[in-house]
Amino acid sequence: MRTEMRSTTSTDRRRPGRLRRLGVVSAVAVSAAGLAGGAVAAPAPTGAATTIATPVHHAYVVKMIDTGSQGNTYPETDAQLLAHVDKALDFWVDQTDQAISSFTRAGNLPTITGDCTSSTVKSDSWAAGKALFPGVTFGGTTGNHMIVLAPAGCAYPSVATTGSLANGLNSGGNVFVYDNPQIIDISLTHELGHNFSFNHANALVCSTTNGTTTCPEADYQNRYSVMSLALSSPAGSPPYLPPALSSYARDRVGVLKTCEVPSVSLGTGQHDVTATYDVWGRGSKNGTRGIKVVDPTTGDTYFLDYRDGSGRDAASYYRMASATGYNSGVTVEKVKPLSGGNTQPVLQPITQDTTWRQYALWDQETFTVGGLTVRTGPYAYAGDPSQVTVTLTNPSGTNTTLPTQQGTATVTGTPTAGQTLTANPTNWTAGSCHRYQWLDNGVPIKRARNATFTVPANPAGHVYTVQITGQQSGYQPLTATSL
Ligand SMILES: [Zn+2]
């Protein structure tokens, strides 16, 4: 499939005065480095890294010298170009939790010649580049990628960058990217995403014509995804960096950890279920970071993510661009099946107010579609996970009695100042995922929603206990409190 990547500058509208936030850590109070460093430790889901057939990948990178009339300007040095490539390769190792165990660059940027005005410049360049690496097999499941870097003048629409849709994390492929320092990090990561079988991330975009509002699907418009547009940042601002892979994307290539993205669905005949999860920022590396739900009335699958600007998301478009409807909060993506078994994520608008866009739920907002209701909050404190409540209702279901989880909560550790207490879920129904709330003399403690808790100074007179809530699809939740 021929795919194109466009560059554009944001012109989205902003709704002024909208200050409510859902767990968004202030950029003033906490630096991006602090967020990336994991200032808030979430419980780590268990589960071994996924094994794929081709865990070792290589990028063969060449630089094109244009013989045509488009100019031969590279805004950056070779070292800078290669640093962009290395960053993109690292993204895919990191964001697959090392299912791609290594992705290394071969060669030191040898050059080829090409004609940026030619309609076959991409295929010609890939062939010329591959000729520099005799004995290397490209494409298929080799894990070998041919990356051609082209001069700035080889830009869309004169020449589109492209990647090839293939079969998941096992594949190799071809990438053609021109040097634009504003977008090259995203372009490289995006095109490699095509090599790894990802389609573009779309969105429903609402507009009103003659008093009628419609929300057709628009290509590229899910700007929480690297498979969206490559957007230039405002003058004087650093370029945007790719955000973390979404729950949808990690599910599609099979790298989710246990309880990272719990599933909620109704069994045959079941009428309704409500489940509440603590969802940590998608950019962080631990804890529950999304929810997968199936609308019982349509069978459609949705993924919920909490985009709070943490970790990998700290320099992404939604985090840095202040003038967009792509706000921080909980996003809703619908999975669109495609022919051939592939799928595509379609970001859902939270409102159909066409005077501005909103693509993520703030605190205590509700999104409803079919038999699915998503409710956020109440959100408490910056840096906490977002509480997300999912209710599924099947009007034709007659079974209103769901089985309840079984399990207890215990605490280990010494309750003296500075010591770490650990919550232990014990004897829970197989398949349960847990959330935590620590208590001080029975009263919930602010920002104490991890599996561990550090005892503060002067603990005399305080009894620290923990509530553990266990949930899984098809069960009513259970909350157990330690003694
Ligand atoms: Zn693309």
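# Briefing on a predicted model

Gln364 is partly exposed, because 13 other C-beta atoms lie within 10 Å of its own, a count between the 12 or fewer of an exposed residue and the 20 or more of a buried one. The model described here is predicted. The protein has six helices and 27 strands, and 45% of its 483 residues count as buried. Among contacts between residues at least 6 apart in sequence, 72% join residues at least 24 apart.

**Surroundings of Gln364**

- Gln364 sits in the loop that links β17 (343-347) and β18 (366-369).
- Thr376 is twelve residues away from Gln364 along the chain, and the C-alpha atoms of the two are separated by 4.8 Å.
- Leaving out residues up to four places away in sequence, Gln364 touches Thr376, Gly377 and Pro378.

**Helix α2**

- The end C-alpha atoms of α2 are 26 Å apart, which agrees with the 26 Å that its 18 residues should span at 1.5 Å a residue.
- The buried residues of α2 include Leu81, His84, Val85, Ala88, Leu89, Phe91, Trp92 and Gln95.
- These buried residues cover an arc of only 150° around the axis, so they lie on the same side of α2.
- Exposed residues Ala79 and Asp90 are carried on the face of α2 turned away from its buried side.
- The packing partners of the buried residues of α2 are β2 (56-66), β3 (102-106), β5 and α4.
- After α2 comes Asp97, which has a positive phi, near 50°.

**Helix α4**

- Helix α4 takes in residues 184-195, twelve residues in number, and reaches 17 Å from its first C-alpha to its last. The span expected at 1.5 Å a residue is 16 Å, and the value for α4 is close to that.
- Twelve of the twelve residues of α4 are buried, so the helix is mostly covered.
- The buried residues of α4 include nonpolar ones such as Ile184, Ile186, Leu188 and Leu192, and also Asp185, His190, Glu191 and His194.
- Buried residues of α4 pack against one helix, α2 (78-95), and against the strands β5 (144-150), β6 (173-178) and β11 (230-232).
- Ser197 follows α4 and has a positive phi, near 85°.

**Strands β2 and β3**

- β2 is largely enclosed by the rest of the structure, because eight of its eleven residues are buried.
- Five bridges pair β2 with β3 in the parallel sense.
- Val56 has Ser102 in β3 as its bridge partner.

**Seven-stranded open sheet**

- What is the order of the seven strands in this open sheet? The order is β10-β7-β17-β16-β15-β14-β12, and the pairing is mixed.
- The edges are held by β10 (217-218) and β12 (263-264), each with a single partner strand, so one side of each is left without a neighbour in the sheet.
- β7 (residues 202-204) and β10 run antiparallel and are joined by two bridges.
- Leu204 stands opposite Glu217 in β10.

**Four-stranded open sheet**

- Another open sheet has four strands in the order β24-β23-β26-β27, with antiparallel pairing.
- Its edges are β24 (443-444) and β27 (478-481); each has a single partner strand, so one side of each lacks a neighbour in the sheet.
- Two bridges connect β23 (residues 433-440) with β24, and these strands run antiparallel.
- In β24, Pro444 stands opposite Leu439.

**Nonpolar cores**

- In soluble globular proteins, nonpolar side chains tend to be buried together.
- The largest nonpolar core here has 87 residues, of which Ile147, Val148, Ala150, Ile291 and Leu304 touch the most other members.
- α2 gives the most to this core, contributing six residues.
- Domain 1 (51-197) and domain 2 (247-393) each supply at least three residues to this core.
- Apart from this core lies another, of ten residues, including Leu421, Trp438, Ile468 and Ala480.
- Ala150, from the largest core, touches Met64, Cys116, Phe176, Val177, Tyr178 and Asp179, not counting residues up to four places away in sequence.

Notes:
Residues numbered from 1 in each chain as written. Predicted model: local features only at pLDDT ≥ 70, side-chain atom pairs only at ≥ 80, totals over all residues. Expected span 1.5 Å × (residues − 1). Contact = placed C-beta atoms within 7 Å. Pairing = 2+ DSSP bridges. Core = buried A, V, L, I, M, F, W, Y, C linked by C-beta atoms within 7 Å. Domains from an automatic or database assignment. Arc of directions from axis to C-beta.
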